[in-house]
Amino acid sequence: MIFTAGMATAQDFVSKFMLENKEDTLLHYISISPKMMEEVLKTDAENEKQEEMRRIMANLKSMQVVSSKAKGDFYFHKAEKMVEKNGNRFEPFLSFDDRQENCRIMVHRKKGKIIELVMLSYKDNRFQVINFTGNMNDEFIDNLAKAMIPKKGDEN
């Protein structure tokens with residue numbers, strides 16, 4: 001019984017979220033395996049920063065995406081509540097709020113190393129969670145955040 005309880009707490013964020021919403025047909029789930037990530041990383045690096053991102057991404061174990069094209073606000077707040085319930089596990093890394101868009105990036109550290117990153121986003125009634133597991137550093141997350149946070153005048 002103790003082993004089972006321990007396994008449940010070791011579950012990543014997306015697995016827990018999908019378990020709580022397993023009957024919901026509006027949510028779409030995609031898991032990208034390490035092998036698929038390896039194939040994506042084979043693209044040509046144009047500069048040192050891309051090469052650094054490739055090196056960091058090589059340390060990722062998984063990437064999972066949950067999305068919905070409807071009820072984005074509902075799912076975003078539901079996911080935020082899950083994060084709050086797991087406040088001892090996740091620490092906020094970045095937060096962005098706008099009338100049109102919200103984004104949260106949280107990290108889970110173990111022995112000082114980032115082993116899980118959860119990014120929640122909501123825009124135009126669309127919801128998305130991206131969950132990375134593996135070995136990450138603050139630079140990887142900074143680069144991810146820069147790619148996700150809209151620039152002034154950016155319509156998309």
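Two rings of Phe, Tyr or Trp form a pair here if their centres lie within 6.5 Å, and a pair counts as tilted when its planes are neither under 30 degrees nor over 60 degrees apart. With that in hand, welcome to a few close-up views of this predicted model.

**View 1. Aromatic pairs link helix α5 to two strands.** Across the whole structure, a search turns up 6 aromatic pairs. One of them joins Tyr-75 and Phe-127, with 5.8 Å from centre to centre and 35° between the planes, a tilted arrangement. Tyr-75 belongs to helix α5 and Phe-127 to strand β6, so this pair ties together parts that are 52 residues apart in sequence. Both of these residues, Tyr-75 and Phe-127, are buried. A tilted pair is also made by Phe-76 and Tyr-122, whose ring centres are 6.2 Å apart with planes at 35°. Here Phe-76 comes from helix α5 and Tyr-122 from strand β5, so parts 46 residues apart in sequence are tied together. Phe-76 and Tyr-122 are buried as well.

**View 2. Six aromatic residues gather in one cluster.** Look for Phe-13, Phe-17, Phe-74, Tyr-75, Phe-90 and Phe-127, which together form one aromatic cluster. Phe-74 has a charged visitor: the charged end of Lys-71 sits over the Phe-74 ring, 4.6 Å from the ring centre.

**View 3. Helix α5 has a buried side and an exposed side.** Begin with the length of the helix. The 14 residues of α5 should span 20 Å at 1.5 Å a residue, and the C-alpha atoms at the ends of α5 are indeed 20 Å apart. Next, pick out the buried residues of α5: Gly-72, Tyr-75, Phe-76, Ala-79, Glu-80, Met-82 and Val-83. Because they cover an arc of only 155° around the axis, these residues are on the same side of α5. Lys-81, Glu-84 and Lys-85 are exposed on the other side of α5. What do the buried residues of α5 pack against? Their partners are α2 (13-20), β2, β4 (101-110), β5 and β6.

**View 4. Two loop residues have a positive phi.** Most residues other than glycine have a negative phi. Lys-71 has a positive phi, near 55°. You will find Lys-71 in the loop between β2 (60-68) and α5 (72-85). Is Lys-71 buried, partly exposed or exposed? Its relative accessibility is 38%, so Lys-71 counts as partly exposed. Asp-124 also has a positive phi, near 50°. The loop that holds Asp-124 runs between β5 (113-123) and β6 (126-136).

**View 5. Arg-89 makes polar contacts from a loop.** Arg-89 is part of the loop between α5 and β3 (91-97). With 14% relative accessibility, Arg-89 counts as buried, because the cut-off for that label is under 20%. A polar atom of the Arg-89 side chain lies 2.8 Å from the backbone oxygen of Gln-11. The side chain of Arg-89 also joins that of His-108 in a polar contact of 3.3 Å.

**View 6. Ile-30 meets residues from further along the chain.** Ile-30 sits in strand β1, which covers residues 28-32. Leaving aside residues up to four places away in sequence, Ile-30 touches Met-63, Gln-64 and Val-65. Val-66 is 36 residues away from Ile-30 along the chain, yet the C-alpha atoms of Ile-30 and Val-66 are separated by 6.5 Å.

Definitions and conventions: Residues are numbered from 1 along each chain as its sequence is written. This is a predicted model: local features need pLDDT of at least 70, side-chain atom pairs count only at pLDDT 80 or more; totals for chains, interfaces and linings use all residues. Side-chain values use heavy atoms; hydrogens and water are left out. Helices (H or I, at least four residues) and strands (E, at least two) are DSSP runs, numbered from the N terminus. Buried means under 20% relative accessible area, exposed over 50%, partly exposed in between (1.4 Å probe, protein chains only). The expected span of a helix is 1.5 Å times one less than its number of residues. The arc is that of the directions from the helix axis to the C-beta atoms. Contact means heavy atoms within 4.5 Å. A polar contact is a pair of N or O atoms within 3.5 Å; within protein, one must be able to donate a hydrogen and the other to accept it, and residues adjacent in sequence count only if both atoms are side-chain atoms. A charge sits over a ring if NZ of Lys or CZ of Arg is within 6 Å of the ring centre and within 35 degrees of the ring normal.
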